[in-house]
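These are my notes from a first look at a structure that was new to me. I began with the chain as a whole and then turned to its cysteines.

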Amino acid sequence: MLKYTRIIYWSENDMMNIFAGINNDKADKLVLVDGENTKNGSFYGPYFASTELNENLLHQTVLVYPYNESNTCVANDAKTEYTIGMTIPAVQQYAVGTFANGAYPMVGVTQTPKEIVVNTKNVNAAIVIPLKGNVAISKIILSAEKPLAGPATVKASYGSAPVATITPETASNTVELVCEGGVQLNTQTATEFHISFAPCDCPVDATIYATDGTYMVLRGALPSNDGKFDSNDYVVMPVVEYAQTGDQKEDLKTAFSKGGVFTLHSDLTIPYHVHLESKNVTVDLNGYTLTCTADLTGTAACFKINKADLRFMN
């Protein structure tokens, strides 16, 4: 497994918060105006037309990516360290060869009040999973014993790596990469899947779901070289050949026999009848479709329920 820093390029429609003013509590939106598909982006917004660009008023300026009107920034008394409130995304969208806009949070702190060239630093760690195979991928879920996403406070200062702490009450121990419509693999060239998550000091598992209902589990297969993921770590796995380790159709059948909650992670077709006897089952469709192709001629039914409770939610 390789661990190194890749260069992240700015994309069209990238936006960030800029905090400045007497208490660094003035937040404006900056929008990328130049530098698309390069590592050096130029951003512009109302802040640069403000009369507050006065050296006597400004302390260090703080940038937060991605832009969110709910992001916050509070300076310490010396105006040298900043506590940033932001959210590390628990659901990310697949983008070809990179991260989707806003999926890889960053912050930047200027050295001087009126400085306009800022080196942003990554808040998250990141993993790249290169996959080969003949299936289409619907979703990849990373999971760990410690939080990987959710509302967070980030400590930032000039020249230092940001330190993120996930709010325990709203933490998520999973991060989902959603592949809208499915991403088709091939057996010759690996397709890369990029996922970012909060730094952690424990192994991270990956469950890779295919559109045919099968899935592959990489259990404890994603620790970095030193056993932890730090901010700015960019870990690239060796190429993985997709090999089925489970099937949602069989898992659903087990849920019907034992009871409990079952969550879909792709559209699913079941070729069998379901007889639910004295068990309570909740099926979370999770935005996907469950189709029954069993023979329904005559009085046959896909679901037969006796002294049981079957619920569907979406």
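What share of the 314 residues in the chain is buried? I looked this up in the model, which is predicted, and found that buried residues make up 45% of the chain.

Next I went through the secondary structure, and I noted one helix and 29 strands in the chain. For contacts with a separation of 6 or more, I wrote down that 67% are between residues 24 or more positions apart. I also looked up the accessible surface, which comes to about 15,400 Å², with 49% of this belonging to carbon and sulfur atoms.

I then turned to the cysteines and asked which of them form a disulfide. I found that Cys292 pairs with Cys302, the two sulfur atoms lying 2.4 Å apart, and the count for the structure is one disulfide. Cys292 belongs to strand S27 (residues 290-292), while Cys302 sits in the loop between S27 and strand S28 (303-306), so the bond ties together parts that are ten residues apart in sequence. The torsion about the S-S bond is about 110°, and therefore I recorded the disulfide as right-handed. Of its two ends, Cys292 is partly exposed at a relative accessible area of 21%, whereas Cys302 is buried at 11%.

Why does Cys200 have no bond to the closest cysteine sulfur, in Cys202? Its sulfur is 4.1 Å from that of Cys202, which is too far for a bond, because a disulfide needs the two sulfur atoms within 2.5 Å. I noted that Cys200 is buried, with a relative accessible area of 8%, and that Cys73 is also buried, with 6%.

Terms used:
Residues are numbered from 1 along each chain as its sequence is written. This is a predicted model: local features need pLDDT of at least 70, side-chain atom pairs count only at pLDDT 80 or more; totals for chains, interfaces and linings use all residues. Side-chain values use heavy atoms; hydrogens and water are left out. Helices (H or I, at least four residues) and strands (E, at least two) are DSSP runs, numbered from the N terminus. Buried means under 20% relative accessible area, exposed over 50%, partly exposed in between (1.4 Å probe, protein chains only). Contact means heavy atoms within 4.5 Å. Accessible areas come from the Shrake-Rupley method with a 1.4 Å probe; for residues, only the protein chains shown count as cover.
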